[in-house]
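Visitor: Mind walking me through this one? I'd like to poke around a bit.

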Amino acid sequence: MGNLDDSGITASPDCSSNFGSTNEVIEQNKYDLEEHQKKFAAPAYTEIRTRKNGLKANIMTMNSNSFKNTSNGLHVSNGNTASCEPDLRGKLSVADGKLSPAEEHFQKTSFEEVPLHTACLTYLGFYLLMILGYINQLLFVPKVAKEKYRDGYVALYDAFESFYSRYVYRRVRDCWNRPISSVPGAELTLKDRVTHDYGWSFEFTGTETRCLNLGSYNYLGFAAATGPCADNAEKTCREMGLALCSSRTELGTTVLHEDLEELTARFLGVEDAIVFGMGFATNALNLPSLLSPGCLVLSDEKNHASIILGLRLSGATTKVFKHNNMKDLERVLRSNIVNGNAKMGGKSWKKILIIIEGVFSMEGSIVRLPEIIALKKKYNAYLYLDEAHSIGAIGPNGRGVVDYFKVNPKDIDILMGTFTKSFGSAGGYIAGKKTLIDFLRTNSHAHCYAATMSPPVAQQIFTSMRIIMGLDGSDMGRRKIKQLARNTRYFRKRLAQMGVITYGHEDSPVVPMLVYLFSKIGAVVRTLTTRHIAVVGVGFPATPIMEGRIRYCLSAAHTKEQLDYALNVIDEISDNLGLKYSRKPRDPNPIEY
């Protein structure tokens with residue numbers, strides 16, 4: 001776990017002499033840990049301190065790896081160094097037998113708090129947008145915003161949602177829903193468009209812009225128009241067509257689907273698996289099959305919208321715990337087990353299910369899986385793991401966080417993932433015991449009623465999965481996994497060196513860079529586009545009001561030259577737009593690739 005050598009990031013050989021002995025490092029880490037406990041009055045492994053204003057449970061950065069060695073002038077901060085890391089001897093890990101998994105996880109995860117003045121400006125800017133929006137709505141309503149033939153009808157849309165989309169979101173609408181006309185590889189082609197009515201409508205100019213792609217979930221680079229995946233998908237398309245026009249339980253199952261399910265189960269190390277045509281529906285339509293009123297669900301506060309929708313449809317009682325906070329999860333577990341189901345007079349719950357994600361798509365954080373498994377076993381709860389962003393992208397063999405933490409996949413009751421990211425395709429899967437999968441084959445709405453996965457889509461997944469597993473006879477899969485890890489470490493370290501605030505774990509290919517102000521989201525996306533870099537901006541309501549961000553997604557298809565170009569441009573605009581909010585010490589040494 002967290003092996004820098006595996007990701008290809010090495011240290012200069014002459015730096016090893018700058019580190020003190022391992023015992024000195026351990027003692028300094030213990031001292032820093034004690035100081036952190038005194039300051040925040042929380043256990044050493046607690047990552048979250050809830051803000052008093054209730055906006056967000058913020059993960060506090062624990063500087064258990066921050067130390068100074070004044071005798072040789074060395075300074076290391078929160079693992080954000082690169083050149084002075086001689087075989088990780090300066091950065092302890094679980095493998096050394098010196099740190100617990102929680103302590104090591106802390107070292108590699110960063111959630112720096114927003115500066116107070118920035119938070120104030122963010123609120124002020126957002127509310128100013130709201131005020132201007134209401135004035136605009138009262139005085140300047142264009143014809144395009146008025147609906148025809150609605151006299152006598154009640155409002156179809158929620159009043160605030162309608163106002164927000166028209167008068168707040170519209171101002172930065174050009175930064176989203178941008179059409180492309182190419183595969184989402186290391187580069188993509190944007191179709192240029194303009195608006196002549198301040199974002200109410202758009203028209204294409206007939207031109208295109210080639211951009212470096214830092215926004216797509218193409219983690220392993222399989223989303224390509226050439227290569228074995230594309231060739232096999234084309235062949236399948238010619239032989240079996242584009243669609244089967246049926247559900248799996250009727251005439252929608254082929255040998256290809258059965259082979260894919262068998263390969264998926266083998267890849268994950270479980271008894272059986274079932275695949276679905278849509279990743280979102282894999283959560284939204286299967287959770288109601290597994291849960292019902294009288295069941296208790298413990299859900300991480302940062303879980304995806306598909307999970308939230310599935311839980312609402314199930315009718316189960318949902319209790320939310322603070323993001324990646326094991327202490328809070330145990331508190332909620334214990335409290336609800338002791339008190340029972342209040343709606344049923346305190347009777348026991350039918351079942352208890354903990355739902356988490358492997359890599360959280362908005363935060364870039366990695367779940368603390370070993371600790372959650374321990375809690376699951378302690379309280380006899382079931383565990384549902386969503387590996388949408390982690391499968392293929394995390395772990396030495398690309399098998400997600402289960403592989404990353406080297407835990408037994410059978411300790412997770414329900415393994416869920418999607419094929420829309422690392423596999424460059426579409427759809428999702430659920431894997432586990434054969435009894436579970438047999439149950440879903442007869443009870444899942446996504447299996448019984450939804451259209452089956454398209455044959456060329458299934459072939460794309462099948463081919464890419466075989467490559468990842470090395471069953472194609474090459475080492476392409478292993479090289480892609482290492483390249484992604486290498487790009488991730490390098491990109492995150494360079495951003496930290498710039499002084500921008502990033503969220504998440506250093507091994508996560510999802511890299512959120514905080515820009516906070518709503519206006520800066522649009523400014524960054526537009527400016528980067530003019531420099532031929534395509535990124536994704538994320539703001540309210542997808543994130544809390546004061547946590548607007550740019551989300552970079554890295555790929556094994558990216559080269560060092562492409563990343564260097566992007567990083568240099570990001571550094572430049574961060575100076576121009578004032579995005580260097582971080583107050584952490586910066587590593588002055590060159591970051592080695």
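Guide: Sure, with one definition up front: the expected span of a helix is 1.5 Å times one less than its number of residues. This is a predicted model, where local features need pLDDT of at least 70 and side-chain atom pairs count only at pLDDT 80 or more, while totals for chains, interfaces and linings use all residues. Residues are numbered from 1 along each chain as its sequence is written, and side-chain values use heavy atoms, with hydrogens and water left out.

Visitor: OK, so how far does helix α16 reach from its first C-alpha to its last?

Guide: The 15 residues of α16 (455-469) reach 21 Å, close to the 21 Å expected at 1.5 Å a residue. Helices here are DSSP runs of H or I with at least four residues, strands are runs of E with at least two, and both are numbered from the N terminus.

Visitor: How many residues of α16 are buried?

Guide: 13 of its 15, so α16 is mostly covered. Buried means under 20% relative accessible area, exposed means over 50%, and partly exposed is in between, using a 1.4 Å probe and protein chains only. Just after α16 comes Gly470, with a positive phi of about 80°.

Visitor: Zooming out, how many helices and strands are there in the protein?

Guide: There are 19 helices and 19 strands. Of the 593 residues, 55% are buried. The accessible surface comes to about 26200 Å², with 54% of that belonging to carbon and sulfur atoms; the areas come from the Shrake-Rupley method with a 1.4 Å probe, and for residues only the protein chains shown count as cover.

Visitor: And what share of contacts join residues at least 24 apart?

Guide: 72%, among contacts between residues at least 6 apart in sequence. A contact is heavy atoms within 4.5 Å.

Visitor: Switching to aromatics. How many pairs turn up?

Guide: A search of the whole structure gives 19 aromatic pairs. Rings of Phe, Tyr and Trp (its six-membered ring) pair if their centres lie within 6.5 Å; planes under 30 degrees apart are stacked, over 60 edge-to-face, and the rest tilted. Take Phe126 and Tyr164: their ring centres are 6.5 Å apart and the planes meet at 40°, so this pair is tilted. It links distant parts of the chain, with Phe126 in helix α4 (116-139) and Tyr164 in helix α5 (159-167), 38 residues apart. Phe126 and Tyr164 are both buried.

Visitor: Which cluster do Phe126 and Tyr164 belong to?

Guide: One that ring pairs build from Tyr123, Phe126, Tyr127, Tyr164, Phe518 and Phe540.

Visitor: What about Phe267 and Phe423, why is that pair called edge-to-face?

Guide: Because the planes are at 85°, with the ring centres 6.5 Å apart. Phe267 is in helix α7 (255-268) and Phe423 in the loop between β13 (414-418) and β14 (428-432), 156 residues apart. Both are buried.

Visitor: Which charged ends sit over rings?

Guide: Lys191 has its charged end over the ring of Phe204, 5.4 Å from the centre, and Lys480 does likewise over Phe222, at 4.9 Å. The test is NZ of Lys or CZ of Arg within 6 Å of the ring centre and within 35 degrees of the ring normal.

Visitor: Now sheets. What's the order in the open one with three strands?

Guide: β6-β7-β17, with mixed pairing. Two strands pair if DSSP finds at least two bridges between them. β6 (187-194) and β17 (533-534) are the edge strands, each pairing on one side only.

Visitor: How do β7 and β17 run?

Guide: Parallel, with two bridges joining β7 (203-213) to β17. Leu212 stands opposite Ile533 of β17.

Visitor: Any backbone oddities? Start with Phe540 to Pro541: what is that peptide bond?

Guide: It's cis, with omega near 10°, and Pro541 lies in the loop between β18 and β19. Met546 is found in that loop between β18 (536-538) and β19 (548-553) as well. Met546 is buried, with a relative accessible area of 1%, and its C-alpha is 8.7 Å from that of Thr118, 428 residues away along the chain.

Visitor: And Cys245, buried or exposed?

Guide: Exposed, with a relative accessible area of 74%. Cys245 isn't a glycine, yet its phi is positive, about 55°. Tyr516 also isn't a glycine and has a positive phi, near 70°, but Tyr516 lies in strand β16 (510-516) and is buried, with a relative accessible area of 1%.
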